[in-house]
Amino acid sequence: MDAFVARSLDEIRFWSRIMKEHSLFLKLGFRCEDTQLIQEANAFYAIFEQIEAKSHAFSANTAPQQIRTFNAEVYNAVSHIWVFKRKVLGLILTCKLPGANNFPLLVDHVSREANYFRNRLAELNNGQLEPLADAIIDENVFFLKIMADHAKFIGHLLDPSERKLVEQARDFSHDFDTLLWQAQDLSSMRPQSQTQPLLSQFLDQNRVSVVSLRDFKKTARDLIDACRIKSIIHPLLADHVYREAEHFLTIIDMFESHLRGIPPQDLDQSAWH
Ligand SMILES: [Fe+2]
Ligand SMILES: [Fe+2]
């Protein structure tokens, strides 16, 4: 089995569904009169729905060359949705969409996810693998910010009368902001900070918080599905942020098993894919 093929299909299957759902969330936040933007969002939904279907039609036995072409095609689509998201962010920040319902931070957030996906595709096709020690810090800096944002979105989209849940969401926001600062501290101390014990403690600590945020999101998702709490959170958005936390956990687990299997002196040379 080709690792490049398996890895590419994993990333595309996960992120194309995410991009498809972003198109839906953006659409739901536009005003009725923003017909042009709604149409653009619908077009992106169809594009990523198609990409998702195609990724499931391929298998681990597909020829690497065919996957390389597919990656490039997806890269192109992701670049376009990134431009669209940044355009929408610009419209919101210049007050051209008064009364629309997407927070600027949410639009920025989904654009960062597109940028991340695009970089992953480029890395896969260029075969440029980041050393494990760098990947551990960079991926955590990226995903801790994503998790901190999610906690803030949940806190703001719950009905204000759900005081206990809003408070919990605020605690998670604070927890992840702190973890993000710690990650940035570790990043600035590079390369001296990239020792096995420090990186392993970093992963352990992050995992504890991601697990509890993941459980909180799962509970919120189930409560929203069962219509047991008051909010303006779309059930699919609740599930979406839950899946992103699960994805981060998978990455942490993969890093931990890599770290355990590598002699400390080889930490710099080993790639994580
Ligand atoms: Fe997302
Ligand atoms: Fe997200």
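Visitor: How many residues does helix H7 have, and how far does it reach from its first C-alpha to its last?
Guide: Helix H7 covers residues 196–225, which is 30 residues, and spans 42 Å between its end C-alpha atoms. The expected figure at 1.5 Å a residue is 44 Å, and the span is close to it. Keep in mind that this is a predicted model.

Visitor: Which residues of H7 are buried?
Guide: Leu199, Phe202, Asn206, Val210, Leu213, Arg214, Phe216, Lys217, Ala220, Arg221 and Ile224. Arg214, Lys217 and Arg221 are on that list along with Leu and Phe residues.

Visitor: And what covers them?
Guide: The cover includes helix H5 (132–157), helix H6 (163–188) and helix H8 (235–261).

Visitor: Stepping back, what secondary structure does the chain have?
Guide: Eight helices and zero strands. Read from the N terminus, the order is α-α-α-α-α-α-α-α. The chain is as compact as a globular protein of its length, because its radius of gyration of 19 Å is close to the 19 Å that the globule rule gives for 273 residues.

Visitor: What box do the C-alpha atoms fill?
Guide: Along the principal axes, roughly 60 × 45 × 35 Å.

Visitor: What share of the residues is buried?
Guide: Of the 273 residues, 32% count as buried.

Visitor: Among contacts between residues at least 6 apart in sequence, what share joins residues at least 24 apart?
Guide: That share is 77% in this chain.

Visitor: Backbone next. Which peptide bond is cis?
Guide: The one from Arg190 to Pro191, where omega is near 0 degrees. Pro191 sits in the loop that runs between H6 and H7.

Visitor: What about Cys95, what is its phi?
Guide: Phi of Cys95 is near 60 degrees, so to speak on the positive side for a residue other than glycine.

Visitor: Where is Cys95, and is it buried or exposed?
Guide: Cys95 is in the loop joining helix H3 (64–93) and helix H4 (104–126). Cys95 counts as exposed because it has 7 C-beta neighbours inside 10 Å, and the cut-off for exposed is 12 or fewer.

Visitor: What phi does Cys227 have?
Guide: Cys227 takes a positive phi of about 60 degrees, although it is not a glycine. Cys227 comes just after H7, in the loop between H7 and H8.

Visitor: Is Cys227 buried or exposed?
Guide: Exposed: Cys227 has 8 C-beta neighbours inside 10 Å.

Technical notes:
Residues numbered from 1 in each chain as written. Chains lettered and ligands numbered in written order. Predicted model: local features only at pLDDT ≥ 70, side-chain atom pairs only at ≥ 80, totals over all residues. Helix = DSSP H or I, 4+ residues; strand = E, 2+ residues; numbered from the N terminus. Rg over C-alpha atoms; globule rule 2.2 N^0.38 Å. Buried ≥ 20, exposed ≤ 12 C-beta atoms within 10 Å, placed from the backbone. Contact = placed C-beta atoms within 7 Å. Expected span 1.5 Å × (residues − 1).
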